[in-house]
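Student: I am new to this structure. Please take a close look at one part of it, the aromatic rings, and walk me through what is there.

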Amino acid sequence: MKLYIHIYLPNAHKSAPTTIIHDTPNDQTFSQLYNEIHKIFSEINPSYIRAYQNLSGKQLQKCENMYISSFYNENEDVYLYCDLPRPVKVVEQQDTSNIQYTTIEKYTFYEYDENRVRVVLELPEVGKIGKDNIQARFFQRSFEIKIHNYKGKNLRFGSGKTQCKIDPDQSRFMLKDNKIIISIRKFQKTDNWFSLHKTKTIGGDSD
């Protein structure tokens, strides 16, 4: 059975279709036809082809496994609209690799209770920037906090090696109106946090 296949390519429905003459076996399904179309036009995904019986007719629903001969006769026109899947919007994370930072030198450190030590960064009106402009990372023996867009600057504070081990999952920061409080959870209650940064002592371990 000879059919005239009018193919509207992706994103070109308002343009003239591409027409091919197709010798259609009586037992050929729409799905088989779509795969043949894909071999001719590689940019067409068979999953996004929609068949119409005529230009003003309705779409043929769930016809992929049906015989084409059930809908068309010799020398009739077949209209195929070939869509592209809608693009998925991807939210990209901010790339901070090229941002210039100023290191914060002044801070207050103290033991809050038997489970935690705290670091306080005094920064007037820092609460106005919001938590979205602050990134904090905690590891077993180090931490870092980055502050973006604070009065036209980007600031950074941290410790490359803390005095004792940290529980990263239970450590966090708190944003206040005029300061940032870094709450560090001790790995062990008995750890002696006499300093924030690792300080080598006489007779002490060197870990």
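**The aromatic rings**

Tutor: At 3% relative accessibility, Phe143 is buried, because the cut-off for buried is under 20%. Keep in mind that this is a predicted model.

Phe143 has a ring partner, Phe157. The two form a tilted pair. Their centres are 6.2 Å apart, and the planes meet at 50°. That angle is neither under 30 degrees nor over 60, so the pair counts as tilted. Phe143 belongs to strand β9, residues 143-150. Phe157 belongs to strand β10, residues 153-159. The pair therefore ties together parts that are 14 residues apart in sequence. Phe157 is buried as well, with a relative accessible area of 5%.

Now turn to another pair. Phe109 and Trp193 also form a tilted aromatic pair. Here the centre-to-centre value is 6.5 Å, with 40° between the planes. This pair links distant parts of the chain. Phe109 sits in strand β6, residues 108-111. Trp193 lies in the segment after β12, the strand that covers 179-185. The two residues are 84 residues apart. What about their cover? Trp193 counts as buried, at 5% relative accessibility. Phe109 is partly exposed, because its relative accessible area of 22% falls between the limits of 20% and 50%.

These pairs belong to a wider set. The structure holds 7 aromatic pairs. Ring pairs also link Phe30, Tyr34, Phe71 and Tyr72 into a cluster.

Rings meet charges too. Lys131 has its charged end over the ring of Phe173, 5.8 Å from the ring centre. Lys165 lies over the face of Phe187, and here the value to the ring centre is 5.6 Å.

Step back to the whole protein. There are 12 strands and 1 helix. From the N terminus, two strands come before the helix, and strands make up the rest of the order. Of the 207 residues, 37% are buried; Phe143, Phe157 and Trp193 are among the buried residues. Take the contacts between residues at least 6 apart in sequence: 64% of them join residues at least 24 apart. On the outside, the protein exposes about 13400 Å². Carbon and sulfur atoms supply 45% of that area.

How values were computed:
Residues numbered from 1 in each chain as written. Predicted model: local features only at pLDDT ≥ 70, side-chain atom pairs only at ≥ 80, totals over all residues. Heavy atoms only, no water. Phe/Tyr/Trp six-rings, centres within 6.5 Å; stacked < 30°, edge-to-face > 60°. Helix = DSSP H or I, 4+ residues; strand = E, 2+ residues; numbered from the N terminus. Buried < 20%, exposed > 50% of the residue type's maximum accessible area, 1.4 Å probe, protein only. Lys NZ or Arg CZ within 6 Å of the ring centre and 35° of its normal. Contact = heavy atoms within 4.5 Å. Areas by Shrake-Rupley, 256 points an atom, 1.4 Å probe, with all protein chains shown as cover.
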